[in-house]
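This report goes through charged pairs, nonpolar cores and the contact between chains. The sequence and the structure come first.

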Amino acid sequence: MDIKKITNRFLRFIFYRIVVRLVVLIVLGRNVRHRNRLPTAGPAILVANHNSHLDTMVLITLLSSGLLNRIKPVAAADYFLSSPLKAWFALNIVGILPIKRQKDTPDEDLLAPCYLSLEEGNILVFFPEGSRGEPEHLTAFKGGIAKLAERYPDVPITPVLLHGLGKVLPRGEKLLVPFFCDVFVGEPLYGSKDRKGFMAQLEKRMAELSQEGIFPPWE
Amino acid sequence: MSVFHLGPTVLWSLVGLYGILVVATAIHFFLKKIRPDSNFREIGLRIRSWWVMVSIFTLAMLLSRNVSLFFFAFISFLALKEYLSIIPTRRADRRVLFWAYLTIPFQYYWAGSEWYGMFIIFIPVYVFLFLPLCMVIIGETRNFLRSAGTLHWGLMTMVFSISHVAYLLVLPQSGNLGSGGAGLLLFLVFLTQSNDVSQFLWGKSFGKRKIVPSVSPNKTLEGFIGGVGTTNVFALLLSGILTPFSLPMAIVTGILISTAGFVGDVTISAVKRDIGVKDSGNLLPGHGGILDRIDSLTFTAPLFFHFTYYLYY
């Protein structure tokens, strides 16, 4: 391993073990339910609703620290690789798996990097809403996850409902305002040929998880 | 590390806290042995959380006065965060909420610098006027009053009230020769918390008549009276070593703390009932959130402070 890689790994470790932990555990505080349902080894997929850049950070603090280098948040290449500094931070420190949102050729498979990563035994963090959207609103899931699940029917797909982070740091805001966040982990599910059925099942689990909490209005 | 900023009476009282914890842990252990069919899990969790809380509290007290002030500022921060996380808030107020958090370092700085005048008017006057100004500048009028009102209520209880505990620490030695402000602080915090525990235990053992059924169905008249009695016994025992109070004055403080503690407890219960949550959080296993633990203190702290300040300083 060359010196650059070692430095990046070290910085990543400092970032997640110290900076992110301080922010998530002390500035914010989390309220986790059913933590035992989280995967303890790869390959696995975490599926969560997306309201804030902090979503990924909170999810990573929940998984055991030995898995840190296996966790790959799947993120839009056009957004995160738009400037050299942003790209360096996203790729080396956050550790994203960049995917494109637009096909260059009609038969290009945009999920191809995910296949590779799962085959390496990584844990993908997937946000099927596609973007952070309106804070604290659940928008419809896109179908990419069903395709991924069908291809890897043995990989557990754990739904996670996040609440509160859209208040802490919503899209377009730079000021972080502390709130406790809720993390409700659902029972893992597995993919099948019936993609529509899978999506319905996944959305049902997310809806059930959101019934577990009492979320104060935020208009 | 110097522990000599605390007098010997305060140090021995801190040791006494661990004595009580050891006794409680032992009783819990034997009860589990004698009655294995009963469920003592929640009590066990509570006792374990007490060990953690007492350890952090004693550490904060022993290190230095400033560490103790920081500790109470942090308690205010956790409580305010819990409160703001369970109440309805407006998206437009994000910045205002940030300012609200920022009042905490200021308020505890006034306490640390012994600037009593500023300490006592900062939140009730300046913050009370400043935050609505910010909200007007942002310009969202829907639910304006609800938002301004709930925010200020939170700041008064979680920051202003709790900071009175910290101000006890900076009171001059002259009002309480021997134990000083730290003695008063320990007296207040111990009596408030033991009052909670004894009301709970008396209520569990003998509770029949509900006292405020629509707010808190678990609170009983028997629990309340038992708590007042127990707290007064503690007040009589401890007033000589920790406070300047004569025995009749110890009775008055005992009644003040036990009654105010009860009211603080049911007030936060009413807030939680209004919102529809059972616990304010899950920071302290067995207890709930930090608000569930300091609810009584939000009422006892300012009342005890002003009672003592008026009569002895």
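Are B:Asp93 and B:Arg90 buried or exposed? Both residues are buried. The model is a predicted one, and in it the side chains of B:Asp93 and B:Arg90 form a salt bridge with an N to O distance of 2.9 Å.

**Salt bridges**

Over all chains, the whole structure contains 17 salt bridges. Four of them are listed here.

| Residue 1 | Residue 2 | N to O distance |
|---|---|---|
| A:Lys100 | A:Asp104 | 2.6 Å |
| B:Arg90 | B:Asp93 | 2.9 Å |
| B:Arg95 | A:Glu173 | 3.4 Å |
| B:Lys219 | B:Asp265 | 3.6 Å |

In the salt bridge between B:Lys219 and B:Asp265, the closest N and O atoms are 3.6 Å apart. This pair links distant parts of chain B, with the two positions 46 residues apart: B:Lys219 sits in the loop between helix H7 (180–206) and helix H8 (221–242), and B:Asp265 belongs to helix H9 (residues 247–275). B:Lys219 and B:Asp265 are both buried. In chain A, salt bridges with shared partners connect A:Lys100, A:Asp104 and A:Glu108 into one network. A:Lys100 is partly exposed, its relative accessible area being 35%, whereas A:Asp104 is exposed because its relative accessibility is 60%, and the cut-off for exposed is over 50%.

**Surroundings of B:Glu140**

B:Glu140 is located in the loop between helix H5 (116–138) and helix H6 (144–170) of chain B. With a relative accessibility of 31%, B:Glu140 is partly exposed. Its side chain reaches the backbone nitrogen of B:Arg142 at 3.2 Å. Not counting residues up to four places away in sequence, B:Glu140 touches B:Arg90, B:Ala92 and B:Met135; B:Arg90 is also the salt-bridge partner of B:Asp93. From B:Glu140 to B:Gly175, 35 residues away along the chain, the C-alpha separation is 49 Å.

**Nonpolar cores and cysteines**

In soluble globular proteins, nonpolar side chains tend to be buried together. The largest nonpolar core here has 117 residues, and those with the most contacts inside it are A:Val160, B:Phe57, B:Leu80, B:Leu84, B:Leu185 and B:Phe187. Helix H6 of chain B gives the most to this core, 13 residues. Beyond its neighbours within four places in sequence, B:Leu80 is in contact with residues including B:Ala100, B:Tyr101, B:Ile104 and B:Met158. A second, separate core of 27 residues has A:Ile45, A:Tyr115, A:Leu189 and A:Met199 among its members.

No disulfides are found over all chains. Two cysteines may be noted: A:Cys181 is buried at 0% relative accessible area, and B:Cys134 is buried at 10%.

**Contact between chain B and chain A**

Chain B contributes 26 residues to the contact and chain A contributes 25 residues. Together the two chains bury about 2,100 Å², with 57% of that area on carbon and sulfur atoms. On the side of chain B, B:Lys81, B:Arg91 and B:Arg94 lose the most area to chain A, together 35% of what that side buries.

Which polar links join the chains? There are ten residue pairs in polar contact between chain B and chain A, both residues being at pLDDT 80 or more. The salt bridges between the chains number two, and B:Arg95 with A:Glu173 forms a salt bridge at 3.4 Å. Helix H3 (65–86) and helix H4 (94–112) are the elements that give two or more residues to the side of chain B touching chain A. The largest share of that side, eight residues, comes from H3 of chain B.

Key: Residues are numbered from 1 along each chain as its sequence is written. Chains are lettered from A and ligands numbered from 1 in the order in which they are written. This is a predicted model: local features need pLDDT of at least 70, side-chain atom pairs count only at pLDDT 80 or more; totals for chains, interfaces and linings use all residues. Side-chain values use heavy atoms; hydrogens and water are left out. A salt bridge is a side-chain nitrogen of Lys or Arg within 4 Å of a carboxyl oxygen of Asp or Glu. Buried means under 20% relative accessible area, exposed over 50%, partly exposed in between (1.4 Å probe, protein chains only). Helices (H or I, at least four residues) and strands (E, at least two) are DSSP runs, numbered from the N terminus. Contact means heavy atoms within 4.5 Å. A polar contact is a pair of N or O atoms within 3.5 Å; within protein, one must be able to donate a hydrogen and the other to accept it, and residues adjacent in sequence count only if both atoms are side-chain atoms. A nonpolar core is a set of buried Ala, Val, Leu, Ile, Met, Phe, Trp, Tyr and Cys residues joined through side-chain atoms within 4.5 Å. A disulfide is a pair of cysteine sulfur atoms within 2.5 Å. Buried area is the accessible area (1.4 Å probe) that two parts lose on being put together, summed over both.
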